[in-house]
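Me: I would like a close look at a single part of this structure, the surroundings of the ligand and the strands that belong to that region. Please take me through it in one connected account.

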Amino acid sequence: MSTTVTETVTSPTVDIKEKYSYDKLNAYTHPPETEADLPWSELVTLDLEDYGRPGGKERLAKQLEHAVHHVGFFYVKNFGIPHEEVDRQFTLAKNFFQLPVSEKENAADYNGWRRPGRRIMSKGIDNVEIFNFPKFTPEFAGKYNYPDLLNAHMSEIEKFQRELHANIVLPLLRLFAIILELPDEEYLVKQHTFDEKSEDHSRYMIYHPRTEQEWADANYGKGGGHTDLGTVTLLFRQPVAGLQILGEDGNWTWVSAQPGTVTVNLADTISHLTGGWLKSSVHRVVAPPEDQRSFERTGLLYFARPHNKTVLTPITDSPVLQKAGVHPRFDREVTMEEFVRAKQTMQLNPDIAAKRWAESKDGTVELLAGFRDKKYKE
Ligand SMILES: O=C(O)CCC(=O)C(=O)O
Ligand SMILES: [Fe+2]
């Protein structure tokens, strides 16, 4: 047996793994639930355990039909990720946001760290800090300098992202295909395979507490109604209330924190692919009820998107869409890549966006090829 030098060399990876091991981090715990009596949204809960059973997909599709056409929001449970693994992600998020700015600011562009004060609001600046992880595919490998805290746990962060995609996003896309009566149940899955280039990302997010004056200056978050950009957004249970949905009746209701669930909302792209039949839901995050206002609100999210090359015209071989007589949303062929660019130009450049909204006469702004974004009532 040859002697090697490896036993005397300390690997930096081993060092950071030791330095940032979970027992040395500040453990995340959920803040207590609110006692406030709020108008809660009534959302269906899909039990994904049923998905693999005979007839399960069909049962779940039936259960989901109304929600995806009329509400745009629902919960899923039993998605095969142990809650300890989810809690570890919350702990990494908490500890990441506690790092000094000098350690956070290395990462760049849409992915990586975004400091508070960047998001567009009708009044005031935002209190939100974000870290986006692009997909763990070769296009993004080595593109960002992550802080050591995250590097120490990168394989688990990747595993978690891949599980969200495989255990939740793909099964939901098959359920949508069943609802749309597509001849190929894999139709949408084929536009969302993990390994091909797309701008999916997982996200750590924190809403910092605001003073009463800051909330008043920000109009209590009531101007922040928006739809998300992609296919579906997954949002882990967060007990600090704040998320609201705009219903078909024009009223806002609050999304409650159901234990063991992920909240799912449909977003713009799946709506484009179905000419608006699948509903991209309008939502916003407002000031938490008074008994929760002093808490940080930590978010764990996944934003699913189709491949960049996907053309966003309505699917042609769906009897459901044919019967509904849906129309394209754009006046020419638009790819996902173009749509992402157009929407992010508005999201990441508050000055450009504010100017365009100010110039708008009817509360809408043309985003791309005849498709208009609109502001939602407070
Ligand atoms: O934090 C939440 O509850 C929702 C966040 C959200 O709507 C978004 O990031 O698009
Ligand atoms: Fe959103």
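Reply: What follows goes from the ligand shell to the strands. The model is a predicted one, and in it the residues around ligand 1 are Asp-228, Leu-235, Leu-243, His-283, Val-285 and Gly-299. By character, this shell divides into three nonpolar residues, two polar ones and one charged one.

Leu-235 belongs to strand β6, which spans residues 232–236 and is mostly covered, five of its five residues being buried. Val-232, Leu-234 and Phe-236 point one way from β6, whereas Thr-233 and Leu-235 point the other way, and all of them are buried. β6 pairs in the antiparallel sense with strand β9 (residues 261–266) over five bridges, and within that strand Val-262 is the bridge partner of Phe-236. Three bridges also join β6 to strand β11 (residues 297–303), again in an antiparallel arrangement, with Phe-303 of β11 as the bridge partner of Thr-233.

Leu-243, another residue of the shell, lies in strand β7 (residues 243–246), which is joined to β8 by three bridges and runs antiparallel to it; here Ile-245 has Thr-253 of β8 as its bridge partner. These strands belong to an open sheet of three, in the order β8-β7-β10 and with antiparallel pairing. Because β8 (252–254) and β10 (283–285) stand at the edges and each have a single partner strand, one side of each is left without a neighbour in the sheet. Neighbouring strands of this sheet are turned by 30° against each other on average, direction ignored.

Terms used: Residues numbered from 1 in each chain as written. Chains lettered and ligands numbered in written order. Predicted model: local features only at pLDDT ≥ 70, side-chain atom pairs only at ≥ 80, totals over all residues. Near = placed C-beta within 6 Å. Nonpolar A, V, L, I, M, F, W, Y, C, P; charged D, E, K, R; others polar. Pairing = 2+ DSSP bridges. Helix = DSSP H or I, 4+ residues; strand = E, 2+ residues; numbered from the N terminus. Axes fitted to C-alpha atoms, helices over the stretch in contact; angles between N-to-C directions. Buried ≥ 20, exposed ≤ 12 C-beta atoms within 10 Å, placed from the backbone.
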